[in-house]
Amino acid sequence: MLHTVNKSPTERNTLESCLKHLKKGGAVLLMEDGVYGALKGTASTKLVEQALKNYPIYALYPDIEARGMQDRVIDGIKLVDYSGFVDLVVEYPTVQAWL
Amino acid sequence: MTEATGGIEMEENSSGKIKKFLYVNRKAPYGTIYALESLEVVLISAAFDQDVSLAFLDDGVYQIMKGQHTKAIDVKNFSPTYRALEGYDIEKLYVDKESMEARGLKEDDFIVPVKVLSTAEMADLMQSQDVVLSF
């Protein structure tokens, strides 16, 4: 299952809740304000790094770039563009959007 | 003289007092419309010769990050506008220290010069205003 998160982790608890519900074969895509969850040196960095040990985490690069966060992404998070987003949706049989 | 007020008739010196306006920005840019709307209102207020300050708290500190490139999300990059505020005599920009540090940011990550305030100083700033507009 592909989980998408589109809210900032310092605005809502969406990311935290999503990460708690990951199961084997799961993956996370951070998009829109959700990309703030992909950053180094923040309150949620440890939580994300922990999840990265077991699950692939992706972030939508156009949203990273829009927010000026190009140089701050946690190592190991895979950056995708819009066509990469589509590929993920095709690859995983179900998508859960954590709104 | 209605040009500066968009045709609205303003009574000159009706109160005679310049008021202190504070714009409190607490939302990240682009994910919602708040940041852009706040900036629009700030620019409008510039026409009224008031004492304007801007505060950036919580995710609002993300609004003034350097290096924003929005071409790929097809949204207007409004971050350079913060640099233009100086030209409208809006020079009092404040950032909450705790919010900045919690996001791993430093003063030189911002596109404009700001004054970094402690939470207590920010509270004093808010307390000292005539009008507070929150976005």
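## A tour starting from B:Met65

Select B:Met65: it counts as partly exposed, because it has 19 C-beta neighbours inside 10 Å (20 or more other C-beta atoms within 10 Å would make a residue buried, 12 or fewer exposed, and in between is partly exposed, with C-beta atoms placed from the backbone). Before you go on, note that this is a predicted model, where local features need pLDDT of at least 70 and side-chain atom pairs count only at pLDDT 80 or more, while totals for chains, interfaces and linings use all residues. Residues are numbered from 1 along each chain as its sequence is written, and chains are lettered from A and ligands numbered from 1 in the order in which they are written.

Still on B:Met65, look at the backbone: this residue sits in the loop between strand S2 (51-56) and helix H2 (80-84) of chain B (helices, H or I with at least four residues, and strands, E with at least two, are DSSP runs numbered from the N terminus). Now add B:Asp109, which is 44 residues away from B:Met65 in sequence but 5.9 Å away in space, C-alpha to C-alpha.

What does B:Met65 touch, not counting residues up to four places away in sequence? Show A:Arg67, A:Gly68, B:Asp109, B:Phe110 and B:Ile111 (contact means C-beta atoms, placed from the backbone, within 7 Å).

Two of those names carry the chain letter A, so to speak of the whole contact, colour both sides: 18 residues come from chain A and 19 residues from chain B. On the chain A side there are five nonpolar, six polar and seven charged residues (Ala, Val, Leu, Ile, Met, Phe, Trp, Tyr, Cys and Pro are nonpolar, Asp, Glu, Lys and Arg charged, and the others, Gly among them, polar).

Next, hide chain B. Chain A has four helices and five strands, running β-α-β-α-β-α-β-α-β from the N terminus. Its five strands form an open sheet in the order S4-S3-S2-S1-S5, paired parallel (pairing takes at least two DSSP bridges). Strands S4 (78-80) and S5 (95-98) of chain A are the edges, each pairing on one side only.

Zoom in on S1 (residues 2-5) and S2 (residues 27-30) of chain A, a parallel pair with four bridges. Here A:His3 stands opposite A:Val28.

Finally, pick helix H4 (residues 82-91) of chain A, which packs on the sheet and touches S1, S2, S3 (57-60), S4 and S5. Zoom out to finish: the C-alpha trace of chain A spans about 30 × 25 × 25 Å along its principal axes, and 42% of the 99 residues count as buried.

Conventions:
Two residues are in contact if their C-beta atoms, placed from the backbone, lie within 7 Å. Axes are lines fitted to C-alpha atoms, for helices over the stretch in contact, and angles run from 0 to 180 degrees between N-to-C directions.
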